[in-house]
Amino acid sequence: MTELRRVDPRTLVPNPNNPRKTQPDARAEHQLALNIKTVGLIHAPCVRELEDGRLMIVAGHRRVRACIAAKLDEIDVHVRSGDEKSDTMAAVAENVVRADMTESEQWRGVLDMREKGATDTEICRAFMVTPAYLRGLMLLSQIHPPIIAAIDGGIGPSYTERNAIARTPLERQRDVWAEIWAESADEGVDPTDYEMSREEFAHFDWEDFVRYLDQVELYARDFEFDDETAQEAGVVWEEDLFGQGGQDNRYCTQFAAIFKAQQIWAEKKET
């Protein structure tokens, strides 16, 4: 059972058994205080009433500190009935389960706020981000979902590469992605939706991917694998008749075959 109650945040008692023992980051604390001052306290802290009538914080110490820093006279709190065991479980759960929002979650949040009439200035204040960061988030609306998944996983393209990808029609992105991962996807699964693993990313080059979207030539001199590996991967070289003399002017436009050759070559080097 919980009861919503409005109280002065300065009267709340810290939990001596709070599982978060590390010192708070001053910059992050300041940002949260500014955020709460701008949009208000969205998630009410959880508290428990002590025998002497005081309210002890069960979960939400950081939010309470931010509300005090924002000079709020009153905030909503959830007063729960429980004991020290349930309080400890709740406090640990909040600290373990809570995680930063991924870029795609932020992007969807921005879309939702825009649909409700929020301006970009208001969104930047609510998210505590710059207009440039917001523009970067909005690139995701023009990027193929498995690439967004790679971004969320920390193995995605750089901001410059995202710009180039976002300028390419989604249909072209999907076609190229499907060609690259045709052999990696499970039988019966559309390779268009294949999500790259960290192991596969070790052999992947987003710059090459961007070049392939534009059908730019991929030159043999830029890769380490030998001719035997190239043949094994199905790479078919063509000669650039207008290339500079004295260098290897063989090229191809088969990114999927190039990527496969890189994987095979890496496996050979490991054995």
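**Figure 1. Val77 in strand E4.** At 0% relative accessibility, Val77 counts as buried, and this residue belongs to strand E4 of a model that is predicted. Once neighbours within four places in sequence are left aside, the contacts of Val77 are Glu3, Leu4, Arg5, Val7, Leu12, Ala44, Pro45, Val47 and Leu55. Although Val77 and Asp8 are 69 residues apart along the chain, their C-alpha atoms are separated by 9.8 Å. Val77 is also a member of a second, separate core of 14 residues, which includes Ala33, Ile36 and Ala66 as well.

**Figure 2. Lys71 and His61, in and after helix H2.** Lys71 sits in the loop between H2 and strand E4 (75-80), and its relative accessibility of 65% places Lys71 among the exposed residues, because the cut-off for that class is over 50%. Most residues other than glycine have a negative phi. Lys71, which is not a glycine, has a positive phi of about 60°. His61, by contrast in burial, is part of helix H2 (residues 61-69) and is buried, with a relative accessible area of 11%. From His61 to Cys46 the separation is 15 residues in sequence and 9.2 Å in space, C-alpha to C-alpha.

**Figure 3. The largest nonpolar core.** In soluble globular proteins, nonpolar side chains tend to be buried together. The largest nonpolar core of this protein holds 48 residues, and the members that touch the most others are Trp177, Ile180, Phe204, Trp206, Phe209 and Val235. Helix H13 (residues 255-270) supplies the largest share of this core, namely seven residues. For the protein as a whole, buried residues make up 40% of the 271 residues, while the accessible surface comes to about 16,200 Å², with 50% of that area belonging to carbon and sulfur atoms.

**Figure 4. Helix H9 and its residue Trp177.** The buried residues in H9 are Gln173, Val176, Trp177, Ala178 and Ile180, and the buried residues of this helix pack against H7, helix H8 (159-166), H11 and H13. Apart from neighbours within four places in sequence, Trp177 is in contact with His144, Pro146, Ile147, Pro191, Thr192, Tyr194, Met196, Phe204, Trp206 and Phe209. One of these partners, Thr192, is found in the loop between H9 and H10 and counts as buried at 14% relative accessibility. Thr192 in turn touches His144, Pro146, Arg174, Trp177 and Ala178, if residues up to four places away in sequence are not counted.

**Figure 5. Aromatic rings around Trp181 and Phe204.** A pair of aromatic rings is described by the distance of the centres and the angle of the planes. The structure holds 17 aromatic pairs. In the pair formed by Trp181 and Phe204, the ring centres are 6.0 Å apart and the planes stand at 15°, so the pair is stacked. Trp181 lies in the loop between helix H9 (170-180) and helix H10 (198-201), and Phe204 in the loop between H10 and helix H11 (206-213), so the pair ties together parts that are 23 residues apart in sequence. Trp181 is buried, with a relative accessible area of 0%, and Phe204 also counts as buried, at 8% relative accessibility. Ring pairs further link Trp177, Trp181, Tyr194, Phe204, Trp206, Phe209, Tyr212, Phe255 and Phe259 into a cluster.

**Figure 6. The crossing of helices H4 and H7.** Helix H4 (residues 103-115) and helix H7 (residues 145-152) have axes that come within 8 Å and cross at roughly 115°. The residues that meet are Glu103, Ser104 and Trp107 in H4, and Ile148, Ile151 and Asp152 in H7. By character, the residues of this contact divide into three nonpolar, one polar and two charged.

**Figure 7. Asp240 between strands E6 and E7.** Asp240 is located in the loop between strand E6 (238-239) and strand E7 (250-252). Leaving out residues up to four places away in sequence, Asp240 touches Tyr219, Asn249 and Tyr251. Asp240 and Tyr251 are eleven residues apart in sequence, and the distance between them, C-alpha to C-alpha, is 6.9 Å. As background to this view, the protein has 13 helices and seven strands, and among contacts between residues at least 6 apart in sequence, 69% join residues at least 24 apart.

Methods: Residues are numbered from 1 along each chain as its sequence is written. This is a predicted model: local features need pLDDT of at least 70, side-chain atom pairs count only at pLDDT 80 or more; totals for chains, interfaces and linings use all residues. Side-chain values use heavy atoms; hydrogens and water are left out. Helices (H or I, at least four residues) and strands (E, at least two) are DSSP runs, numbered from the N terminus. Buried means under 20% relative accessible area, exposed over 50%, partly exposed in between (1.4 Å probe, protein chains only). Contact means heavy atoms within 4.5 Å. Accessible areas come from the Shrake-Rupley method with a 1.4 Å probe; for residues, only the protein chains shown count as cover. A nonpolar core is a set of buried Ala, Val, Leu, Ile, Met, Phe, Trp, Tyr and Cys residues joined through side-chain atoms within 4.5 Å. Axes are lines fitted to C-alpha atoms, for helices over the stretch in contact, and angles run from 0 to 180 degrees between N-to-C directions. Ala, Val, Leu, Ile, Met, Phe, Trp, Tyr, Cys and Pro count as nonpolar, Asp, Glu, Lys and Arg as charged, and the others, Gly among them, as polar. Rings of Phe, Tyr and Trp (its six-membered ring) pair if their centres lie within 6.5 Å; planes under 30 degrees apart count as stacked, over 60 as edge-to-face and the rest as tilted.
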